[in-house]
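Got your viewer open and a selection box ready? Let's walk through this one stop at a time.

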Amino acid sequence: MAAKKKKKVTKKATKRKFAPDKVRKAGPSKRKGKNDLSEVAIESIKDVALDVFNVANSGELPEMVMPQRNLKNVTYDKKTGYFEMAGNMKTRRLDVNSVKTFAQTLRLMSLAKDMVADDDFATKREAYYVSKNWGDAKFGEQRESDSVLDDIEGMFSLKDITREILRFRPEEHGGSVVGALTVIDRDPETGDAIRSDCAAMGSGAYTIPSSVDHLGFETSADFIIAIETGGMFQRLNHHRYWRNANCILVEMSGVPTRATRRFTRRLSQDLKLPVYVFVDCDPYGICNIYRTLKVGSGASAHINKDFCVPEATFMGVTPQDIIDFQLEDATHPLLPVDIKRAKDALKNDPFFKAHPKWIKAIKQMLKMGVRAEQQAFAKWGLNFVIEEYLPTKIKNAKNFLP
Amino acid sequence: MASSQREISISEFFAKNRHLLGFDNPKKALLTTIKEAVDNSMDACEEAGILPEILVEIMPIDGQEDRFKVAIQDNGPGIVKAQVPNIFGKLLYGSKFHSRRQSRGQQGIGISAAGLYAQMTTGKGPEIISRVKRKKAHHFVLQMDSTKNKPMITHDEELDDWHLKHGTRFECALEATYKRGKGSVDDYIKQTAVANPHASLTYLAPGMEEPIVYEASSRVVPERGEEIKPHPYGVELGELIKMLRQTSSRWLSSFLKEDFCRVGPKVAKSIIAEAGLSEKSYPSRIAREEADALHRAIQKAKISSPPTTCLSPIGEERILEGLQKETDADFYAVCTRPPSVYRGNPFQIEVGIAWAKPGDDHLDVDGDGKITKSKKKKRGTFDTENLLGNADDAIRILRFANRVPLLSQQASCGFTKAAISTSWKNYGLQQSKGSMPVGSAVILVHMASVWVPFTSEAKEAIAPYDEILKEVRLAMQEAGRKLGVHIRKGKKISSEFQKRNYIDAFLPHVGIGLQEILKLEPEVREDTVDMLRATLESTRKI
């Protein structure tokens, strides 16, 4: 079907004009920020430590309670639209196996308390290096300190205190953004508003900061496309696809970071824009990247509520696209790890299990036994994706996979 | 041709076949000489109910590197003058060959063979000093006529004064090599001390400044096993024919009842009926074919096992004493099996294991569950080889037959076969297929029997009869189980110790974390950490 309609659609897409008349606006998020909750955070840290102290001195073994962070501890309901924590807790009781982590948790909590009090911050990497001064209790690898940080974050999320409030920041920044969007930020020193026009970034792009709740937005765009790879993002940016299609492009670079998820969520929620996701047709693109953007993840169950985009829909590449756009000879066979991931999703992932269309699509992919990358459309010409694929798909946006 | 046919004397036979008796090379000759003399001394002492005190000396002879003088002296009952030449000078003269009684010596070859070897290699016969209670000591020098198997006393002197009230000293010069290490005289003396904790041994060898003294740890002379009549199952056809000829019984039925053990009228009747003979036949008139039928009937008959009162095991307690005395191990396990029977011969197997924990540290758990670490106490290094090997060496097996150490032919010995076919992995030791287990340990196996089935006259290895292998394995399994429990417990303690070290490394950081968050005073922090440590340890009782 694609080949016949090719020319008509191309004309239509390129003729589309940028329409600045219907501008939508959004102020900073109403979510409570770090300054509102600093006192609460310090008190909460003290409460946990005091409890440990009292239990220890009563001759009992102290414990810390935190939510389990895995897919088994989330539930999914189409109405709420994201992975909700199911309430399973893990109890870290002081014993030989836990004593090291127990000590590290307390010492990182102490670091957090100081940072909240001084309004400073530490990146996850910096927190890891701080531990190098702890002698025996130092972390061997950042993976270990990240895990303890996640536990602390989970523990305090029960009191609505986020990692940002505790002043721990991820190392990675958010993704890149271009298109019909103006971001209104604030100068950290003067407090003056700074306006960034994402349509005026030249050949570059606006970079999502690690914290996005204080941003304001203005846009005239019709929709957002969240893109997996930098390569595809650059192609669409270079040819100013966003101008012709009147949209915003968000580059995710793999599984989207929290900042990217929160940023996209705010565009979706506050500006009421539809979000279309464009990733590779493989289990990683679908079951990790798309799933995490839309409903969150098991590991960050305690923050999914604000850090996912329930309204996002899956544009492609779908297994059916491989057939419809005759990409069969531009595919690669599924690797054993892909097959395992897909089967795992069918068996254990509450999101996919709730959507028969997805079960069908994943089963179709498994049956075909192949995966296709976004770039595979280059088989039909470098700009086939702009001229043919995207316009064709977007016309049928209501049929996107949920 | 006929004129060249003549009788061969046993002494001549020995002179040509001395390897059969353990004199194959100078090193072994020295060991065999001492071994035979010590065995005799021990038997003599125990027979007389005396706690053996034995002195063994090896003295170099000036200017003759390949010759040594050896002396073995005991505090036994002594030997009356008339018997001395026969005992020490005549091969196959002894009290033990015909008796079914547990003793170290069996054939009466050993000590006279040693004398003969000495005489053949140095020209000088053995010298003996012996004193019987309340009599004067005699000093003899013997010379053997190897053609006639007849000893001659070339010197006989009554000594006015000898330092022992009773006892015997055997001395001879022989061609020999003295070496230390495995299978040496040193090794033999040490192992003898392990299996005979009631004996004190004093040992002086070239190169030693002071003699080594192995003190007795037990003051009890082992009970002597009773003498028993042969059991029908153990008698071979030739021996049966000989017994039929020599018996003083007049009727076949009384021959069976009188000359064997465990044969009553009923059993005798059924054997004779099975053989198709008459109860009233004259034993001496039984023909060879009839004897054959009788022999086969015996094998078919149901006869109860021989009495076991003839056996004198070392006993679990004594084995334990012996091992504790001569090894520096952390754990000992012993097992004495109930008596069993092979080919009509009663026997009893005993096994002892001494095991040392690898490494230098020793962990102790006190009543409160506290673990303390200490350096292993080092005992003075032994002059002889430590019986416990290194932790990654194959475990040594000490083999004993009627308390006598077996020093060579380990590989072909039934005891070794039994040890290899025991699955030591079940008991916490490493073992690869078809070999001895590995560890810093020693396994002792003792067989007490009225007749030990050696594979050769040199008495070096036990024939692998199924019944014997089975008993050895059962004994090893029983002792092994005790060892396994200990090793597993030790592993538990050492892993617990590591865990507590781990706790000790991190608990202070829990304190620091709390101190920083709650702004605690240093003493409060210390108290909290101490409290936590105490709580943790009390929940981790072993």
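What follows is a tour of a predicted model, going from one selection to the next.

**Stop 1: all of chain B**

Start by colouring chain B by secondary structure: you should find 13 helices and 16 strands. Chain B has 542 residues, and 43% of them are buried. If you like contact maps, look away from the diagonal: among contacts in chain B between residues at least 6 apart in sequence, 70% join residues at least 24 apart.

**Stop 2: the eight-stranded sheet of chain B**

Now select the strands β1 to β8 of chain B. They make an open sheet of 8 strands, and reading across it gives β5-β4-β3-β6-β2-β1-β7-β8, with mixed pairing. Which strands stand at the edges? They are β5(B) and β8(B) (212–214); each has a single partner strand, so one side of each has no neighbour in the sheet. Step across from strand to strand and the twist averages 15°.

**Stop 3: β6 of chain B and its two partners**

Zoom in on residues 167–175 of chain B, which form strand β6. This strand is mostly covered, with 8 of its 9 residues buried. Show the strands that pair with it:

- Strand β2(B), residues 64–74, runs antiparallel to β6(B) and is joined to it by 8 bridges. Pick Val70(B) and you'll see Cys172(B) standing opposite; for Ala71(B), the bridge partner in β6(B) is Glu171(B).
- Strand β3(B), residues 127–131, is also antiparallel to β6(B), with 5 bridges between them. Here Ile129(B) stands opposite Arg169(B).

**Stop 4: helices on the sheet**

Keep the sheet on screen and add residues 110–122 of chain B. That's helix α4(B), which packs on the sheet and touches β2, β4 and β6 of chain B. Its direction makes about 35° with that of β6(B).

Next, add residues 185–195 of chain B, helix α5. Where does α5(B) lie? It goes across β1 (53–61), β7 (200–204) and β8 of chain B, running at about 165° to β7(B). Of the 11 residues in α5(B), 10 are buried, so the helix is largely enclosed by the rest of the structure. The buried set includes Asp186(B) and Lys190(B) alongside Val185(B), Ile189(B) and Val194(B).

**Stop 5: a loop residue**

Select Thr147(B). You'll find it in the loop between β4 (137–145) and β5 (150–159) of chain B. Is Thr147(B) buried or exposed? It is exposed: 12 other C-beta atoms lie within 10 Å, and 12 or fewer counts as exposed. Now add Glu12(B) and draw a distance. The two residues are 135 apart in sequence, yet their C-alpha atoms are 6.0 Å apart in space.

**Stop 6: where the chains touch**

Bring chain A back. Here 25 residues of chain A are in contact with 20 residues of chain B. On the chain A side, the elements that give two or more residues are α2 (34–57) and α3 (99–118). Which of chain A's elements gives the most? That's α3(A), with 9 residues. Colour the chain A side by class and you get 16 nonpolar, 3 polar and 6 charged residues.

**Stop 7: a four-stranded sheet in chain A**

Stay on chain A and pick out the open sheet of 4 strands, ordered β1-β12-β9-β10, with antiparallel pairing. The edges are β1 (24–26) and β10 (193–197) of chain A; each has a single partner strand, so one side of each is left without a neighbour in the sheet. Ignoring direction, neighbouring strands are turned by 15° against each other on average. Inside the sheet, 4 bridges join β9(A) (181–186) to β12(A) (216–219). To see one facing pair, select Thr182(A) and Glu218(A), which stand opposite each other.

**Stop 8: helix α11 of chain A**

Finish with residues 336–348 of chain A. At 1.5 Å a residue, these 13 residues should span 18 Å, and the end C-alpha atoms are indeed 18 Å apart. The buried residues of α11(A) are Asp338(A), Ala342(A) and Ala345(A). Look down the helix axis: they fall within an arc of 60°, so they line one face of α11(A). The buried residues pack against α9 (283–295), α12 (350–353), α13 (356–368) and β18 (370–371) of chain A. Spin to the other side of α11(A) and the exposed residues are Pro336(A), Val337(A), Lys340(A) and Lys347(A).

Technical notes. Residues numbered from 1 in each chain as written. Chains lettered and ligands numbered in written order. Predicted model: local features only at pLDDT ≥ 70, side-chain atom pairs only at ≥ 80, totals over all residues. Contact = placed C-beta atoms within 7 Å. Nonpolar A, V, L, I, M, F, W, Y, C, P; charged D, E, K, R; others polar. Expected span 1.5 Å × (residues − 1). Buried ≥ 20, exposed ≤ 12 C-beta atoms within 10 Å, placed from the backbone. Arc of directions from axis to C-beta. Pairing = 2+ DSSP bridges. Axes fitted to C-alpha atoms, helices over the stretch in contact; angles between N-to-C directions.
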